[in-house]
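Dear colleague,

Here is the structure I promised to pass on to you, together with its sequence. My notes on what was found in it follow below.

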Amino acid sequence: GGLAMAMAMEFEVLDHPKLCFGEGPRWHDGSLHVVDMYGDEAVYKVESEGMGEVTEVVKVPGQPSGTGWLPDGRMIVVSMKTRKVLAFDGRTLSTHADLGDLAAGEANDMVVDGTGRAYVGNFGFDLFSLGSLLQKVKYYAFLALFAITSRPFTSLVPGTADLVCLSPDGKARKVAAGLLFPNGMVITPDGGTLIVAETLGARLTAFDILEADGGLASRRVWAKLPWGATADGICLDSAGGVWVASPTTKECLRVEEGGRVTHRVRTS
């Protein structure tokens, strides 16, 4: 039991003038790839040696988010505002999938498995315009109550999101519904479990991945986050713990299944 503080760990901070709002870090072929969501709207590659040279891979129209790679080597990247997933072959961008009506809000993060199958989330509602008066009232009430109580009043979330599965050739279909702002996602090494960060639910939710077609089953809460914390980006470590970036508490948490927090690393 107890909380282990990450005092013995080593950290490097990537602070580069090219990056305005770094999001969606992914390791691929020995380099770190990260998107600049609000600055140049591009994907960048950071050479691993000393976290040194930062080079632009490709600009992404419509604000980039999650990235991944297909078995043929092409990178795919979410274009949030267009609600599309684009493919980059090293020279040109093309549409890999159009989420269309499957995304009720801007497209968000994505995870891609070894076969090229991708899972894509979305906000679930129009976060920036909050179309109706009711949506505005509910969302601002949600934020106010979270600030006061440090707990999510999920009935006040203005809308829920579907999770979309893309086949390797880009065909899109809904595989889960009712998620509260799905954000970062990971797939366990055996390919059998998808874990999703539900930002406005302050929890991690797990699904079994059906081998036949990538459908999802056996939805369950993998971990509830401690008071005040929310889940944005996540990653899975070699021991099976999930590292969670929590913007509301300005820290990264390591969480085990069931909700035990083993490490907390302050980011400011």
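Two strands are taken to pair if DSSP finds at least two bridges between them. By that rule strand E10 (residues 118-122) and strand E11 (residues 161-166) pair, in the antiparallel sense and over three bridges, with Ala 118 standing opposite Leu 166 in E11. Please keep in mind throughout that this is a predicted model.

That pair belongs to an open sheet of four strands, whose order is E9-E10-E11-E12 and whose pairing is antiparallel. At its edges are strand E9 (107-112) and strand E12 (172-179), each of which pairs on one side only, and the twist from one strand to the next averages 25°.

There is also an open sheet made of four strands in the order E17-E18-E19-E20, again with antiparallel pairing. Strand E17 (234-236) and strand E20 (261-266) are its edge strands, each pairing on one side only, while the twist from one strand to the next averages 20°.

Going through this sheet strand by strand, E17 and strand E18 (residues 242-246) are joined in the antiparallel sense by three bridges; Leu 236 has Val 242 in E18 as its bridge partner, and Cys 235 stands opposite Trp 243 in E18. The hairpin of E17 and E18 has five residues between the strands, and Gly 240 in this hairpin takes a positive phi near 90°. E18 is in turn joined to strand E19 (residues 251-255) by five bridges, and these two strands run antiparallel, with Cys 252 in E19 as the bridge partner of Ala 245. E18 and E19 also form a hairpin, here with four residues between them, and Lys 250 in the turn has a positive phi of about 55°. Because four of its five residues are buried, E18 is largely enclosed by the rest of the structure.

Two cysteines have come up in this description, which raises a point that may matter to you at the bench: how many disulfides does a search of the whole structure find? The search finds zero. For Cys 235, the closest cysteine sulfur is that of Cys 252, and the two sulfurs are 8.2 Å apart, which is too far for a bond; the cut-off applied to a disulfide is a pair of cysteine sulfur atoms within 2.5 Å. Seen from the other side, Cys 252 likewise has its closest cysteine sulfur in Cys 235. As to their surroundings, Cys 235 counts as partly exposed because its relative accessibility is 41%, and Cys 252 is also partly exposed, with a relative accessible area of 28%.

In strand E20, one residue to look at is Val 265, which counts as buried because its relative accessibility is 15%, the limit for buried being under 20%. The C-alpha atoms of Val 265 and Val 157 are separated by 28 Å, the two residues being 108 residues apart along the chain.

Finally, there is a surface feature to mention. Phe 21, Tyr 38 and Phe 128 form a nonpolar patch on the surface, and together they have about 320 Å² of accessible area. Of these residues, Tyr 38 lies in the loop between strand E2 (31-36) and strand E3 (42-47), and with a relative accessibility of 41% Tyr 38 counts as partly exposed.

With kind regards

Definitions and conventions:
Residues numbered from 1 in each chain as written. Predicted model: local features only at pLDDT ≥ 70, side-chain atom pairs only at ≥ 80, totals over all residues. Heavy atoms only, no water. Patch = residues over 30% accessible without salt bridge, like charges linked within 9 Å, V, L, I, M, F, W, Y side chains within 5 Å. Areas by Shrake-Rupley, 256 points an atom, 1.4 Å probe, with all protein chains shown as cover. Salt bridge = Lys/Arg side-chain N within 4 Å of Asp/Glu carboxyl O. Buried < 20%, exposed > 50% of the residue type's maximum accessible area, 1.4 Å probe, protein only. Axes fitted to C-alpha atoms, helices over the stretch in contact; angles between N-to-C directions.
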